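Here's a quick briefing to read with the model open beside you. Take it topic by topic and follow along in the viewer.

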Amino acid sequence: MIKSLYTRVVLTFLVSVIGGTVISFYLAIWIYRDQLNENLQVSLLRFAQDIVRIYESFPLNEADKFVSGMKQLETYHVRIYDENGGVQSYGGPDGMKLETVTAEQLKQVLAGSIVQVNPTGISISLLGLQLMTDTGKKALFVEPVGPPSGTFVIKWLLNFAVYSLVTGSLFILVAAVFLVRPIKKLTAATRRIAAGDFNVKLNIKQNGELGTLARSFEEMTQDLQQLEQLRRDFVSNVSHEVQSPLTSISGYARALKQMDIPESERNRYLDIIIGEAERMSKMSDSLLKLSLLESQSRQLQFTTFSLDEQIRRVILALQPQWSSRGITFELDLEAGTLTGDADQLNQVWMNLLGNSIKFSGDGGVISVHAWQDYKGVTVRVSDTGIGISPEDQKRIFERFFKADRSHSRKYNGSGMGLAIVKQIILLHQGDIRVESELGAGTSFIVTLPLNTPAN
């Protein structure tokens, strides 16, 4: 088994080119076989016929003299046999190995037949014709002195093919190095990613398929790097958010073991422990809910309901939180229906209105405006609270993010509410944005389609 891709590329090229060349060569000969035979026979046959006409037109002595001086004898050898076996030869270099003329061939030619010796199947090595002279019948045998032109062409093509293969093989040996190099880089990068190193730069500048693959690979590593950073941030945030209530619970539990603390202090410690435990429970519920929303393992349950009535019910459910602080609501809710997951959207209004109440001062005003157009429904929740800085507005929908850490204890919260809100809105193919100014209040604008596609 050949494991090297470089070797595979080179061998595949060589096998393909050699096989294709050999098959094409024999296929071309097979297709043009008749044309080759015809072309190779024509010159030899015409030369032999010219000699026959010379002997038929002139006396024997003059014909012998004329033939012996022909220029074509440099490329053809001529033998003339009489009926008694005598022979006259013309042309051809001394020592040339001639084709053997058998008695049967001689007999056939003297009888008027044409004899052709064709050992390769393509070119003729010996041609015999009957010759009539003023002294009687003779047998003329002509054969080419040099290699037949067809044989020479075939030999030249074979040599050309061999030289081409050798030259091409040398080029492919060099080119394969450059072809395989990006794949080797990708393999090395894959190993680094598997080891947890996502800072990979391939530096592959090709524009073909390998270049596209390399760019996609780099984009994937960037995404993996961001996911890894999110994972680290998530673990860090969870550890921090869990550690704080656990420290409180542990400290106050140890304090409760003291026997001499007043009853009022004991109850206060218990209230703190219960409150911290409830905070951890809520954070756990929020994490589980956000995880389910992000994985989309929970299918939305679509119903058509009255949006303005749903918002009014949420405000009434939160009445204990806002009425005791003198906060008032200004409602401008256009009556209309919406198709969506009522329970999930109820969570959206609960989180947005809960945040507005939490961050509004006593006696503040919260306005809720809802209207519809042909695109969908828009809900704007505005408060007169502490506001959010422009820098924090960019991260307000991240999980565990709190706009102002210095207020985290005062206002309490896990930093998960807006992350859940955004995920629910995205699942409904809607949009949410924030407008805020420090010290002047915050507005959340939610846009939802009237009918969310089921998928």
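**Two sheets, a buried serine and a pocket**

E437 sits across from G441 in β12, and that pair is a handy place to start looking. Keep in mind that this is a predicted model. The chain is built from 13 helices and 12 strands, and 36% of its 455 residues count as buried. Among contacts in the chain with a separation of 6 or more, 66% come from residues 24 or more positions apart.

**The β11–β12 hairpin**

- Strand β12 covers residues 441-448 and runs antiparallel to β11, with 7 bridges joining the two.
- S436 faces T442 in β12, and E437 is opposite G441 in the same strand.
- The hairpin leaves 3 residues between its strands, and G439 has a positive phi near 80 degrees.
- How much of β12 is buried? Most of the strand is covered, with 7 of its 8 residues buried.

**The mixed sheet around it**

- β11 and β12 belong to an open sheet of 5 strands, ordered β7-β9-β10-β12-β11, and the pairing is mixed.
- At the edges you'll find β7 (328-333) and β11 (431-437), each of them pairing on one side only.
- Ignoring direction, neighbouring strands in this sheet are turned by 10 degrees against each other on average.
- On the other side of β12 from the hairpin partner in the strand order comes β10; β10 and β12 are antiparallel and share 6 bridges.
- To spot that pairing in the viewer, look for V379, which stands opposite V446 in β12.

**Helix α10 and S356**

- Helix α10 (residues 342-359) lies across β7, β9 (365-372), β10 (377-382), β11 and β12.
- The helix runs at about 170 degrees to β12.
- S356 is one of the residues in α10.
- Is S356 buried or exposed? S356 has a relative accessible area of 1%, so it counts as buried, the cut-off being under 20%.
- Leaving out residues up to four places away in sequence, S356 touches I366, V381 and D383.
- I366 is 10 residues from S356 along the chain, and their C-alpha atoms are separated by 7.1 Å.

**The antiparallel sheet**

- There's another open sheet of 5 strands, in the order β2-β1-β5-β4-β3, and here the pairing is antiparallel.
- Why do β2 and β3 (115-117) each have a side without a neighbour in the sheet? Both stand at the edges with a single partner strand, so one side of each is left without a neighbour.
- Neighbouring strands of this sheet are turned by 20 degrees against each other on average, direction ignored.
- Helix α3 (residues 60-68) packs on the sheet and touches β2, β4 (126-133) and β5 (136-144). The direction of α3 makes about 35 degrees with that of β2.
- Helix α4 (residues 103-110) packs on the sheet as well, touching β1, β3, β4 and β5. The direction of α4 makes about 120 degrees with that of β5.

**The β1–β2 hairpin**

- β1 (residues 76-82) and β2 (residues 87-90) pair in the antiparallel sense, with 4 bridges between them.
- For landmarks, R79 stands opposite S89 in β2, while Y81 has V87 as its bridge partner in β2.
- The two strands make a hairpin with 4 residues between them. In the turn, G85 has a positive phi of about 95 degrees.

**The second largest pocket**

- This pocket has a volume of about 450 Å³.
- Which residues are closest to its centre? Of the 17 that line the pocket, they are L230, E294, F397, E398 and R399.
- The elements giving two or more residues to the lining are α6 (209-256), α7 (263-295) and α13 (417-427).
- By class, the lining holds 8 nonpolar, 2 polar and 7 charged residues.

Notes:
Residues numbered from 1 in each chain as written. Predicted model: local features only at pLDDT ≥ 70, side-chain atom pairs only at ≥ 80, totals over all residues. Heavy atoms only, no water. 1 Å grid on protein atoms, 1.4 Å probe; cavity = no way out; pocket = protein on both sides within 12 Å on 5 of 7 lines; lining within 4 Å. Points joined across faces, edges and corners; volume = space filled by probe spheres on them. Nonpolar A, V, L, I, M, F, W, Y, C, P; charged D, E, K, R; others polar. Pairing = 2+ DSSP bridges. Axes fitted to C-alpha atoms, helices over the stretch in contact; angles between N-to-C directions. Contact = heavy atoms within 4.5 Å. Buried < 20%, exposed > 50% of the residue type's maximum accessible area, 1.4 Å probe, protein only.
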